[in-house]
Amino acid sequence: MYNSRISGLGFYVPDNVVTNDDLSKLMETDDAWIQERTGIKERRHVVKGEDTTTKMGVKAAKIAIERAGIDKDDIDFIVFATLSPDYYFPGGGVLVQRDLDIKTVGALDVRNQCSGFVYAISIADQYIKSGMYKNILVIGSELHSGGLDFTTRGRGVSVIFGDGAGAAILTREEDPKKGILSTHLHSEGQHAEELSLLAPGIGYRWVTDILKDNDPDDVSYYPYMNGQFVFKNAVVRFSEVIMEGLKKNKLEVKDIDMLIPHQANLRISQFIQRKFRLTDDKVYNNIMKYGNTTAASIPIALTEAWEQDKIKEDDLVVLAAFGSGFTWGSVIIRW
Ligand code: UT7
């Protein structure tokens, strides 16, 4: 059996910076509320028509491919995670295959929201461990701004999310002590609707009925979040799944060199940091600059931490995520 290691990383965010003050011109909110509750100062929004979820993913992927030192045609498989796809179907994976002009490799779409990148890495890792593939392109990308309610009605959600993409190349690693040591995935569908976007799900409402009603107050095309309930579950599950990963590898909290938590809320990251007594240099946060970019948040943060030399060879790197589903997971990596 082989291991997989991350051999290349890249990210892309649109140039357009949207500050908290910019949002307060659209809805009743203010910089102090947003910073105090979430830590977010600004986020990026695409300029309408200039980028799509797939296009951003492709830009991130090109950087990751180059840094991995491989050719695009060395890629054996694509895993694409998003909750904001270009189309309802087909998924973004095939669009990446087309836009990168890669040969006709398999392309799989992952729909696990904020845990999407962790799930995607876990899938790619299994294909490499089994010997089936050598190089897998894993992308997390989100275009939230085109689907949020920027009126006061939607402020509990719309101030939090930002656009962007991150990508990683997973490559076969012969040394069993290096690379991805283990991945840990969970779900609790009992709380599916607590953080959800119901339309255009056919199980929710038939399209014919939506068209017939043509109701401008139908908010089912906007995401809903029971913020406090999600927050309470997040802090518990983040802690649990990090400990599960450490235990599986006979490691302890003190062995962590870098924790990259999904960037849901700075207060959640700080809670975990305090609980685990990790120093500031061992937790990477960038939600202040980008908001919550869902499936893209971990690969963007991981790429930035790596670019800033905060991750070195042999470091123990832990990725952890929690989000809609509920789904959550962790990845334990010996870099
Ligand atoms: O990435 C996936 C996982 N997501 C998360 O883990 C997010 C978890 N939840 C959170 O981060 C927080 O719950 C939020 C940041 C979403 C909200 O913070 P909160 O402290 O839980 O606030 P709240 O929802 O309880 O709202 C408190 C008040 C309400 O007003 P009243 O009812 O007390 O008068 C809201 O209407 O704040 C109001 N409010 C706002 N005020 C100004 C909600 N959104 C805003 C806003 N600006 N943007």
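Let me begin with Asp-22, which is partly exposed, with a relative accessible area of 29%, in what I should say at once is a predicted model. The side chain of Asp-22 meets that of Lys-25 in a salt bridge, with 3.8 Å from N to O, and Lys-25 itself is exposed, at a relative accessible area of 67%. That pair is one example from a structure that holds 18 salt bridges, and I would like to go through a few others with you.

The next one joins the side chains of Glu-307 and Arg-67, where the N to O distance is 2.9 Å. Because Glu-307 lies in helix α11 and Arg-67 in helix α3, which covers residues 53–68, this salt bridge ties together parts that are 240 residues apart in sequence. Glu-307 is partly exposed, with a relative accessible area of 36%, and Arg-67 is partly exposed as well, at 35%.

Now please look at helix α7, where Lys-212 forms a salt bridge with Asp-209, the closest N and O atoms being 3.4 Å apart. Both residues belong to helix α7 and are three residues apart, which is about one turn of the helix. Lys-212 counts as exposed, at 64% relative accessibility, while Asp-209, at 30%, counts as partly exposed. There is also a network of salt bridges, and it links Lys-178, Glu-313 and Asp-314.

Let us stay with helix α7 for a moment, since it also holds Leu-211 and spans residues 207–213. Leu-211 is exposed, with a relative accessible area of 62%, and together with Tyr-88, Phe-89, Ile-202, Trp-206 and Val-207 it makes a nonpolar surface patch of about 760 Å².

One member of that patch, Phe-89, leads us to the backbone, and here a general remark may help. Most residues other than glycine have a negative phi, and most peptide bonds are trans. With that in mind, which peptide bond next to Phe-89 is cis? The answer is the bond from Phe-89 to Pro-90, with omega near 0°, and Pro-90 is found in the loop between β4, residues 77–81, and α4, residues 92–99. A cis peptide bond also joins Gly-325 and Phe-326, with omega about -15°, and Phe-326 lies in the loop between β12 and β13.

As for phi, Asp-101 has a positive value of about 55° although it is not a glycine. Asp-101 lies in the loop between α4 and β5, the latter being residues 106–110, and it is exposed, with a relative accessible area of 55%. Asp-309, which is not a glycine either, has a positive phi of about 60°; its place is in the loop between α11 and β12, and at 53% relative accessibility it counts as exposed.

Asp-309 comes just after α11, so let me turn to that helix: is α11 largely enclosed or largely open? Nine of the eleven residues of α11, which runs over residues 297–307, are buried, and therefore the helix is largely enclosed by the rest of the structure. Among the buried residues are Ile-298, Pro-299, Ile-300 and Leu-302, and the list also includes Thr-303 and Glu-304. If you recall Glu-307 from earlier, that residue of α11 is partly exposed.

Finally, I come to the sheet, and again I start with a general point. Strands of a sheet pair through backbone hydrogen bonds, either parallel or antiparallel. Here, four strands form an open sheet in the order β8-β13-β12-β11, and the pairing is mixed. Which strands stand at the edges? They are β8, residues 179–187, and β11, residues 258–261; each has a single partner strand, so one side of each is left without a neighbour in the sheet. From one strand to the next, the twist averages 10°.

The partner of β8 is strand β13, residues 327–334, and the two pair in the antiparallel sense over eight bridges. If you would like a place to find this on the model, look for Ser-187, which stands opposite Thr-327 in β13. Across β8, β12 and β13 lies helix α5, made of residues 116–129, and this helix runs at about 130° to β8.

Notes. Residues numbered from 1 in each chain as written. Predicted model: local features only at pLDDT ≥ 70, side-chain atom pairs only at ≥ 80, totals over all residues. Heavy atoms only, no water. Patch = residues over 30% accessible without salt bridge, like charges linked within 9 Å, V, L, I, M, F, W, Y side chains within 5 Å. Areas by Shrake-Rupley, 256 points an atom, 1.4 Å probe, with all protein chains shown as cover. Salt bridge = Lys/Arg side-chain N within 4 Å of Asp/Glu carboxyl O. Buried < 20%, exposed > 50% of the residue type's maximum accessible area, 1.4 Å probe, protein only. Pairing = 2+ DSSP bridges. Axes fitted to C-alpha atoms, helices over the stretch in contact; angles between N-to-C directions. Contact = heavy atoms within 4.5 Å.
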